[in-house]
Amino acid sequence: MSYIFISDLHLDEQRPDITQAFVHFINNKAASAERFFILGDLFEVWLGDDHASDFNKLIKDTLASLTMPCYIMHGNRDFLISVDFCRETGFELLPDPTNTILFDKPCLLMHGDSLCTGDQQYMEVRRLLRNPDTQRDLLSQSLEERAAFANRARSTSRQHTRESAMDIMDVSPDEVTRVMQEHDVKLLIHGHTHRPCIHDVNSEEYKGTRIVLGDWDKKGWYLELDQTSYSLNSFDIGTPL
Ligand code: MN
């Protein structure tokens, strides 16, 4: 038996190929896991649990078909996922970060955006959007207003990404060491950066492993973890598992 982790699918009505691969993945791969984790940005945008659409219903119904313990964490795109979503899908919302024991090993789960401390402009936006007052304010607006806000935020973010140096958009190595030390874990699993890889964390103060999940675009990615090993796997989106 194994635990399966995914993140950064950025599910969107405009990408039926990814939606189809996701449904297939849930039914054929995730369904056999002992536990299933989504570490943020399942959706390209989540306007709120009150946003009813055929697309959202398909995704929620697909998730609700899973019967093992399932967990979801906010990403920077779907931070408005809340209690109704969890009730409808049977998923438990995990705080970011979550310090937990997986197969007897202490492990830290994060979305990953909070590790990108080199990007000060983004960190400020993050603080604002994660503020409960801001979120309450957003949710009091109409769905049309929220959609307009999300579109503006995405185009600002795209422009910022184009104008920023590559290393600023990645995690800060010092912040990685700091959080792993603070939480006393040898394993960190996160997404967000769209740079799937398994890294040795090897500073003077700390040694451990950092697994970065991949985003779903031309390929889909997942991490499979069991008692003795882990593997970071990919498949072609057009040829689902
Ligand atoms: Mn993200």
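The exercises below, each with a worked solution, concern a predicted model.

**Exercise 1. The manganese site**

Identify the residues that coordinate the manganese ion, and state which parts of the chain N76 and H111 tie together.

Solution. Start from the donor atoms: D41 (OD), N76 (OD1), H111 (NE2) and H192 (ND1) coordinate the manganese ion at 2.1 to 2.3 Å. Next, write their spacing in sequence, which is D-x34-N-x34-H-x80-H. Then place two of the donors: N76 lies in the loop between strand 3 (70-73) and helix 3 (83-89), and H111 in the loop between strand 6 (105-109) and helix 4 (120-129), so this pair ties together parts that are 35 residues apart in sequence. Finally, check the accessibility of H111: its relative accessible area is 0%, so H111 is buried.

**Exercise 2. Two aromatic pairs**

Classify the ring pairs Y3 with F37 and F25 with Y222, and decide whether each residue is buried or exposed.

Solution. The model has 13 aromatic pairs by the rule applied here. For Y3 and F37, the centres are 6.2 Å apart and the planes make 50 degrees, a tilted pair. Y3 belongs to strand 1 (residues 3-6) and F37 to strand 2 (residues 35-38), and the pair links parts of the chain 34 residues apart. Buried means under 20% relative accessible area. Y3, at 5%, is therefore buried, and F37, at 2%, is buried as well.

For F25 and Y222, the ring centres lie 5.3 Å apart with planes at 55 degrees, so this pair is tilted. F25 sits in helix 1 (residues 16-28) and Y222 in strand 10 (residues 219-225), 197 residues apart. The relative accessibility of F25 is 1%, so F25 is buried; Y222, at 7%, is buried too.

As a last step, look for a larger grouping: Y3 and F37 belong to one aromatic cluster with F5, Y71 and F103.

**Exercise 3. The five-stranded sheet**

Give the strand order of the open sheet of five strands and explain what is left free at its edges.

Solution. The order is 5-6-7-9-8, and the pairing is mixed. Strand 5 (98-102) and strand 8 (197-202) stand at the edges; each has a single partner strand, so one side of each has no neighbour in the sheet. From one strand to the next, the twist averages 25 degrees. Within the sheet, take strand 7 (residues 187-190) and strand 9 (residues 207-212): they pair in the parallel sense over four bridges. On this pairing, L188 stands opposite R210 of strand 9.

**Exercise 4. A charge over a ring**

Which ring does the charged end of K186 sit over?

Solution. The ring is that of Y206, and the charged end of K186 is 4.5 Å from its centre.

Key:
Residues are numbered from 1 along each chain as its sequence is written. This is a predicted model: local features need pLDDT of at least 70, side-chain atom pairs count only at pLDDT 80 or more; totals for chains, interfaces and linings use all residues. Side-chain values use heavy atoms; hydrogens and water are left out. Donors are N, O and S atoms within 2.8 Å of the metal (3.2 Å for Na, K and Ca); water is not among the atoms, so sites may look incomplete. Buried means under 20% relative accessible area, exposed over 50%, partly exposed in between (1.4 Å probe, protein chains only). Rings of Phe, Tyr and Trp (its six-membered ring) pair if their centres lie within 6.5 Å; planes under 30 degrees apart count as stacked, over 60 as edge-to-face and the rest as tilted. A charge sits over a ring if NZ of Lys or CZ of Arg is within 6 Å of the ring centre and within 35 degrees of the ring normal. Two strands pair if DSSP finds at least two bridges between them. Axes are lines fitted to C-alpha atoms, for helices over the stretch in contact, and angles run from 0 to 180 degrees between N-to-C directions.
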